[in-house]
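Colleague: I've got the model open and want a quick tour. Can you walk me through some strands, then a few single residues?

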Amino acid sequence: MLRLLLTMNYHYTFLTALLIFSSFCYGQNASVAGKVYEENSEVIPGVYVQLDKEQATVTDEAGRFSFKNLKPGDYTVTASIMGFQAVQKTIQLKEGQALMLNLKLKENVTKLKEVTVTAKSEARQLKEGVASVAVLETKKLYTQSSNTSDVIKQISGVNVRQTGGFGSTADVYINGMSGKQVKFFLDGIPLTYFGSGLGLNVLPVNLMEQIEVYKGVVPVDLGADALGGAINIVSRKEYVDYLDASYSLGSFNTHKVNLNSQYVNPENHLIAGVNSFYNHSDNNYKVDIEIPDQFGNPLPATVRRFHDQFTNYLINAYAGVYDKKYADRLVFSARFSGLDDEIQHNAVMAQPYGQVTYDESTLGFSANYEKEEILPRVALKWYAGVNMTRGNFTDTTLNAYTWDGVVYDRRTDGGEISTSRNLLSLHSRNSVSRINLHHSPWQNGQLTLNVFSSWFNRYGKDHIAAEFYGEDFYANPTTLIKNATGLAYEHEFSNALVSYTGVKHFYMMADGYAIQNLEFQPNQQTVSNFGVSQSLLYRFSEDFLAKASYEYATRLPDETELFGDFTLVRPNPFLNPEQSHNANMGFQFNTQKLKVELNTFYRLIDNIIWLRTSQFFAQYQNLLKALVKGLDAEVQYQPLYFIKLRVNATYQDIRNRSPRSVTGSVDNRYYDARLPNIPYLFGNGEIRYQKNDFLGTGCRFSAWWSASYVNEFYLYWAVDGNKDLKNTIPSQFIQNIGVSYALPADRFSVSLESTNLFDQKAFDNFSVQRPGRALYITLRTYLN
């Protein structure tokens, strides 16, 4: 622990000193910052502010603007926006001066016949930046019954595989990377630290402003060890009073309730609010299975899942200040979340369970601080949080069930999953800290320093298992300490060429154990690795650009991979980190009506951590070296202002690069063979009609059709056996439709949806059937 703290302190002290030294070296430059107000002292966002003819900016939601790195001299500041009279002011700047300037605009009563305003949204600016990222703005989805996993599968290069209905485990694939190789973040903080109740598969879109999917180099701002892909969820940050409530009712006794509200005091710059949701589903959809008759012969049958209820919930209260001299934003949060999960079957849906359950609850506290000019040309973001989680895993019954929920036998010992039976109580604690510094030493360059540190500890108690083993192994604590430090420099050489260079250092100290052959085997390991990245962007014109990137990345095993989940996943504290060489090249063509994007990708991955499943349990193992090559493409077309069409497709070729000494084969027939049980061709499409002034009523009407396609793929190696007799996950084409109607300003809206419209058999994994046709109605009110 002391070694870790010394290492972290060295990195942070040295790099912070570098930024501070740089800021004072260039400290002779001046700056101008301020706000634009109406005559009634209300701030005005979206005002165009120009400094002479050299620089220009637009005020943010709090009416703020700023110009940095200015030379001493005389300047003219002009502020203008539709509906107000432009104002102009002359200022004089001295060496090192930081001038505060507030401007007031008078309302303009001039009436204009027609005005067209064209600008790029923040999402489009990010998408057209140097990072290879897809951005999905979620506001249009607030009226729908959607979860994050439903939304991100619409993005090119992304595929989501779930092990059942609502709340089931979801594996996300981004350009050949999958599972733990893809990291999930909430405002830059890894999502795993918030507890299972806030998993990506169950998080409602009403909490989000946008979803960012990074397909290539993961920027250092996301302080974690992603191997070649990351998803960052940006939460809503509106500085207005609002109440947003919705209720969704659907098939399989599905209920989703969202309640979000916020109070803002613009005079004292205070903010307080609540985010909350409650979701429940019985998941009792029909599946085709086999049930043994009285003689033990399996007979085909169609039954409803009988032990698969899932519930999750959240209440998050926050309060703080904004736009103060000492802080642009300082918010404190208290959060309680959790889930209740009935476990229906094993990983391959071969064995039904009738009484196995898992529940979890997390209590968390956090602080979030942001300040643009904490030092000259230095912006600071800081996050700190602690979380305490308690989980209970119950597997005590001696009953054996068939798929119709009937008890057909009684065992003499053992549970439905474990050989010992379990009445396990788990206790875990974690703490996280993220320090992010942005420094602009000159006009076209920016340095970024990000330091992310985390600590995790877990122990358990199980007196039933202790009787079986003769010792309560679960009482032994497991500890994981991680640190990720990243330093990057972005430079704009011209209006056409942008470069982003990054270096990262990863540190891990794990102290855990495994139980093998009824023996306790402790293990402790320390890992220290570096990673580097380089990204380039070149603009051929305003509408056409190209991107290229390379990254040598490392991913450290996480707490579930190392220590298991004490339910279906066994521990393996001997895992080694994954390493990968990642390369990307892409092109974008963007106009108002047509958007075309093409990306190619290359990955060479070593020490792949793979979840090996069996009938009763699973375990993560280091297995293969693999080569990934592929491409994804997306076309969006808007022939009319009320119609949008979108289609995308992905092809990924994942080949084994491990010699026979690793695979255990007698020859090299597995070398260069396609990895099994991974989809290699898939795509999505959507047609959306939206009229904002439907039939002259001022109301908004929307209708949409969407579809997803996955080509068939083999469960096991394609080079083995007769192809006509091999186990295959079949090709699937799933279609969804929906309509919604909203009153002006979204005061009230109603939507109707149908997923899997034609009730097709759906499989993300072999033999694990997903829900058939489902219907949902969603009611929402939004008061601003």
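**Strand pairing and surface**

Modeller: S31 and strand S33 (residues 578–590) are antiparallel partners, joined over twelve bridges. Strands are DSSP runs of E, at least two residues long, numbered from the N terminus. Two strands pair if DSSP finds at least two bridges between them.

Colleague: Any caveats?

Modeller: This is a predicted model: local features need pLDDT of at least 70, side-chain atom pairs count only at pLDDT 80 or more, and totals for chains, interfaces and linings use all residues. Residues are numbered from 1 along each chain as its sequence is written, and side-chain values use heavy atoms, with hydrogens and water left out.

Colleague: Which residue in S33 is the bridge partner of Tyr 552?

Modeller: His 581.

Colleague: And what joins S30 to S31?

Modeller: A hairpin of four residues. Strand S30 covers residues 519–539 and strand S31 covers 544–555; they pair in the antiparallel sense over eight bridges. Opposite Leu 537 you find Lys 547 in S31.

Colleague: Where does Asn 576 lie?

Modeller: In the loop between strand S32 (569–570) and S33.

Colleague: Why does Asn 576 count as partly exposed?

Modeller: Because its relative accessible area is 37%. Under 20% is buried, over 50% is exposed, and partly exposed is in between (1.4 Å probe, protein chains only).

Colleague: What is Asn 576 in contact with, leaving aside neighbours within four places in sequence?

Modeller: Pro 557, Asn 607, Ile 609 and Asn 622, leaving those neighbours aside. Contact means heavy atoms within 4.5 Å. Asn 576 and Asn 622 are 46 residues apart along the chain, and their C-alpha atoms are separated by 6.9 Å.

Colleague: Switching to Met 388. Where is its place?

Modeller: In strand S23, residues 378–395. Met 388 is partly exposed, at 37% relative accessibility. Outside the four places either way in sequence, Met 388 is in contact with residues including Ser 361, Leu 363, Phe 365 and Arg 429.

Colleague: How many Å separate the C-alpha atoms of Met 388 and Pro 376?

Modeller: 38 Å, with those positions twelve residues apart in chain numbering.

Colleague: Now the surface. Which residues form the nonpolar patch?

Modeller: Among them are Tyr 247, Val 257, Tyr 278, Val 739, Phe 748 and Leu 779; the patch has about 850 Å² of accessible area together. Strands S15 (242–250), S43 (732–742) and S47 (774–783) each give two or more residues to the patch. Patch residues have over 30% relative accessible area and no salt bridge, and nonpolar side chains (Val, Leu, Ile, Met, Phe, Trp, Tyr) are joined within 5 Å; like charges would be joined within 9 Å. A salt bridge is a Lys or Arg side-chain nitrogen within 4 Å of an Asp or Glu carboxyl oxygen. Areas are Shrake-Rupley, with a 1.4 Å probe.

Colleague: Why is Val 739 called partly exposed?

Modeller: Because its relative accessible area is 33%. Val 739 is found in strand S43.

Colleague: Last topic, sheets. What is the order of the four strands in the open antiparallel sheet?

Modeller: S3-S2-S5-S6. The edges are S3 (55–58) and S6 (87–93), each pairing on one side only. S2 (residues 48–51) and S3 pair over four bridges, and in S3 the bridge partner of Val 49 is Thr 57.

Colleague: And the five-strand open sheet: what is its order?

Modeller: S8-S13-S14-S11-S12, with mixed pairing. Strand S11 (residues 183–186) and strand S14 (residues 230–235) are parallel, over four bridges. There, Leu 186 has Ile 233 in S14 as its bridge partner.
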